[in-house]
Amino acid sequence: MEPRTVIPIDKNWEFKQADKEDSKYLPVGQFPTNVHLDLLAHKLIPDPYIGKNELDVQWVGEAVWVYRTSFASPAVGSSAKAVLAFDGLDTFATVVLNGKTILETENMFIPERVDVTADLKKDGRENELVITFDSAYLRGWKLVEKFPDHKWGCWNGDNSRLAVRKSQYHWGWDWGPALLTCGPWRPINLEVYQSRISDFWFDIDVDKSLKAATVTTYASTEGNVSTEGSDSKVRFDISLNGKPIAGQVAGAGLSAAIAIAEPELWYPVRYGKQPLYTVTATLEEDGKVIDSVSKKIGIRKAELIQRPLKGEPGTSFFFEVNGIPIFCGGSDWIPADNFIPRISKERYYDWVKLVADGNQFMIRVWGGGIYEEQAFYDACDELGILVWQDFMFGCGNYPAWPELLDSIKREAEENIKLLRHHPSIVIYAGNNEDYQYAESVNLTWEQDNKDAESWLKTDFPARYIYEKILADACRELTPSVYYHPGSPWGGVDTRDPTVGDIHQWNVWHGTQEKYQNFDKLVGRFVSEFGMEAFPSVKTIDAFLPLGKDDPDRYPQSSTIDFHNKADGHERRIALYLVENMRYAPDPLEQFVYCTQLMQAECLASAYRLWKRQWKGPGREYCAGALVWQINDCWPVTSWAICDYYLRPKHAYFTVKREMAPLSVGITRREHRHPRDKYTRVHVDVTTQIEIWGSNLSLDDLEGIDCVVGAWDVETGRQTYSRAVNGSDPLVLPKNRSTEIIALDVPEPLKEEQGIDAARTVVAAYLVRRADGRRLARYVNWPEPLKYAHLAKPKELRAELSSSDEGGSGGGDWMEVRISAEVPVKGVALECEDDGVRFEDNLVDIVPGEVVTVRVRGATGGSVVSTRYLGMV
C-alpha cells in the first residue's frame, strides 16, 4: 500500500466574468483568492477602501464569475482513489472537472471532498477544473421570495443574507462596507490514497490535583486499512518541544488512552506558560507509513462556573483554568479584512500579540464573520489568549427549511472538528444577538417550552438551530467545552444582568447613558460594550484619495462620513464629546485626539468599575468585560480600539492600564443632604472619592500604602498628600478587588482660596512601604472635564532618552520621560515614524511627578511630540 500524497491545486488559475460576452480569462493575483482581489490585481476596479470607491464596485457582487485551472493527472493505483478536497468555496459554486459537474455548493463554511478517480484523465494528461460562482446576493433574494411565510428581518445588511450561509458582514455592517465576495477562498488539494486518517481528535482529562492527565486519542480511518489479512495499526505519539513523552499503538479506528504524569499545563497569558504538546497519529500497514497527521494541544482544565453568589441575585459566570478564576478582560473580534485570503499568518499573529500585550485575556470571535483561520487560533494557543467562539449567525431571524438545517448541521460538525483541538477555545455560543432581535420584534420564544420540534412551527424557528442542532453537535464532538445558546443569553431575558452574559449598549445605543455611570450598567459578564473614535490621522490620510491634500480632510466631510457606517454616528459622537469636553472640529488632528480621548475615558471607566465587582470567591459579581471591538476590517471610524493598520487608538492603552496585574481605581460622587424634607436651599453638599485596589495576580500583596495627593487644576498647587491607610499597611488579597477607603475630596484651601472639589485633581498611588516604590497610579479629575479651567502648561516636557531596562520582549528600548508644572489631562505621545511604538500613551500628569513611557523603534534622532486636552 502506497502512502497518501497531497498535491496542491494552486497553480495556473485564471478568472473572468461569466455573464459578460467579451470577458477574457486573466491570471489570478494569488491563491487562495476572491474576485475582488483578482480584479484589484489587474486594476479593473478601484480600491474599495479608498474614498467612496466602495460604491463603484457594487456590480461585482451581482455578477457571475468563473475560475479555471489545469493540472496533470497523478498516478493512481488500481486500489487507490483520487479525491479533490475544497477547503472553502465562497459560496454558490458549480464545480466541473473535464466537462462533468462534480459538485454544487451553497455554504461557504463547509469543506467539501469529491472522489474524482473515474473523472481524471490518464496518467500525465491535463485535466481542466472549472468553478462558476453565482451571485450570493441575488440568490439570497430568490430564497427570500421562495419562503414568503418566514418572518424575515434583521439588523445590518438586508434580509437576503439570512438565507445564505456566507459571512454575514459581506452585506455591510455598522462598521464595515458592503462587498459581496466570491471565489476559492481556502486551499484546494488533490489527494491520492488507498487509506488515510480521516479525523483525529482528543479527549483530555486533567485530574483535580493537576498532577496527572489522560489524553485519549482517536483516529478514524478511511480506505483499505481493515482488509482481511492486513496488518493495519495506528501509532499515537506525544512529544513536547521535540522530546518524546509517551506513545501507544492501537488497531485502525480504535482509540488509545495515554497517561501523562506531571503534565506541563497550558495557562492563560500572565498566569503561566503555554506549553503545546505535539500529538501525532501515524497509520501503518505492514510496517509501512501510509498516512500521518499531527496536531498541537494544550493540557488544561477549563470550566465555566455558574453558581449562586453571596448577597446578590442570580449566578456567577466566570471561567476557571487549572483552578484559577480569570477576570476575562478582553475584546470582540471581527474579520481583519473584507478580503480574507490576503490576511497572512503573520498578520494574524500580530493582531493576537497586540491583544496579549494589551493585558487582555480573552477574544470573542463574533458570529457575523467566519470560523477563523487556523493561524488565528494557533496564535491564541501560543500566546495564552482564551477564545469565546460564536457560531456564524448574527442579528436576525434566520429561516429553517429542511435543506438549510441539513447544511447548518454539516457546517457545525465540520468546523467543530477543525477547531476542537485548540486549548484556547473555552466556550461556544450559538449566535450573536439573535435572541435579542427576537425580543425586539416580539417573536415567539417561550423559554419553558422544551419541545424542539414545535419551535420549527413558530415565527422564531432558528431556536431549533441554537438549542438543538448546534447544542447536539457540541455535545457529541466537543463535550468538554461549554455551549452557550447565544450571546447575550441568560436569565429572564437577554438583558438580565444577573445570569449569563449581556451586551451593554446603553452607552452609545439605547438610552445613551453617561459613561461615568457604567457601574450601574454592570452584568455578570459583559461580552459587548463600546464607544466610537476616529482612527489615526495617518489612517484617515490613507483612505482620502488625495491624502493630506484632499479637500475632504475635515471631520464632517462626506468622504470621512462615508468611512463611518454607524447609524446616527454624527449625533452620538457629538453627544458624548459635548457632554464631556471642550473641543472643535479644527484642526483635524485635535478633533481626532478628542474622540480618542473620549473613547479612552469611556472604556477605561467600564473596565475599572466592572473589575471593581470582581471581589473574590462567591462574590464574582462581574467576571468579564469584552470591548466591542479590538479591530477593523477596513480603514474606518468605528468602535475599534486598534484600526485596520494595527495602529492602537488611545483606548488601547487605557484598557491596558486597567487590566494590569495591579491597578488602583477612584470614583467621585456628589452627595446632597437636605436639612429637611422640603428645602431646596439648605442642602449640605459633599463630594466624596472611593478608592479601591485590583490585584489580578496570584499572590497577596502585603506592606502597601495608599498615598493620595490633590492639586488645584488651575494653578498646579498641591493641596494634599497623605497615606490614607494610616499606620497599618494594606493587604490586597490575590485575584480580586479590595475596597481601600472612601473620603471627602480634600479641600483644605476652599475657604481661603476657593480651591474646592470642582477645582481639585486627585491621584492615588499604591506604594510599597519597604522601599517607597510606586506600583500603581490613577488620576481622577473633576467631571465633566469641560467645566474644568485647565491650565496650559508652560513646562510640559517629553524627553526621549535611552532606557535603563530592556523590554520584556527583548530588543532595544528607549524611554520618554513626561512632566509638567500643572495638571495635564491626557498627554498623548506622537511620532510621524510608524516604526516607533509606545508601550503606553495618553497619560495624565500631575506636578512633581515624572511618568516614564518605554518606546520601541526610536533612535536618538526620533522626534516625539505631545498633544493634550485644552491644547487648542
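In which handedness of crossing does H5 pass H8? Keep in mind that you're looking at a predicted model, then select residues 402–419 for H5 and 463–477 for H8. The crossing is right-handed, with the two axes coming within 10 Å at roughly 35 degrees.

Now show the side chains where these helices meet. On the H5 side, pick Leu405, Ile408, Lys409, Ala412, Glu413, Ile416 and Lys417; across from them in H8 are Tyr464, Ile465, Ile469, Leu470, Ala473, Cys474 and Leu477. That contact is made of 11 nonpolar and three charged residues, with no polar ones.

Next stop: rings. There are 52 aromatic pairs to hunt for. Start with Trp155 and Tyr437, an edge-to-face pair with centres 5.3 Å apart and 75 degrees between the planes. Trp155 is in the loop between H2 and E10 while Tyr437 belongs to H6, so this pair ties together parts 282 residues apart in sequence. Trp155 is partly exposed at 31% relative accessible area, whereas Tyr437 is buried at 8%.

Hop over to Trp388 and Phe525. Their ring centres are 5.6 Å apart and the planes sit at 40 degrees, so the pair counts as tilted. Trp388 is in strand E23 and Phe525 is in the loop between E26 and E27, 137 residues away. Both are buried: Trp388 has a relative accessible area of 0%, and Phe525 has 0%.

Then select Phe393, Tyr398, Tyr435, Trp445, Phe460, Tyr466 and Trp489, which ring pairs link into a cluster. Stay on Phe393 and add Arg165, which lies over the ring face at 4.1 Å from the centre.

Last pick: Lys565, whose charged end sits over the ring of Phe562, 3.8 Å from its centre.

How values were computed:
Residues are numbered from 1 along each chain as its sequence is written. This is a predicted model: local features need pLDDT of at least 70, side-chain atom pairs count only at pLDDT 80 or more; totals for chains, interfaces and linings use all residues. Side-chain values use heavy atoms; hydrogens and water are left out. Axes are lines fitted to C-alpha atoms, for helices over the stretch in contact, and angles run from 0 to 180 degrees between N-to-C directions. Helices (H or I, at least four residues) and strands (E, at least two) are DSSP runs, numbered from the N terminus. A crossing is left-handed if the near helix is turned anticlockwise from the far one by less than a right angle, and right-handed if clockwise. Contact means heavy atoms within 4.5 Å. Ala, Val, Leu, Ile, Met, Phe, Trp, Tyr, Cys and Pro count as nonpolar, Asp, Glu, Lys and Arg as charged, and the others, Gly among them, as polar. Rings of Phe, Tyr and Trp (its six-membered ring) pair if their centres lie within 6.5 Å; planes under 30 degrees apart count as stacked, over 60 as edge-to-face and the rest as tilted. Buried means under 20% relative accessible area, exposed over 50%, partly exposed in between (1.4 Å probe, protein chains only). A charge sits over a ring if NZ of Lys or CZ of Arg is within 6 Å of the ring centre and within 35 degrees of the ring normal.
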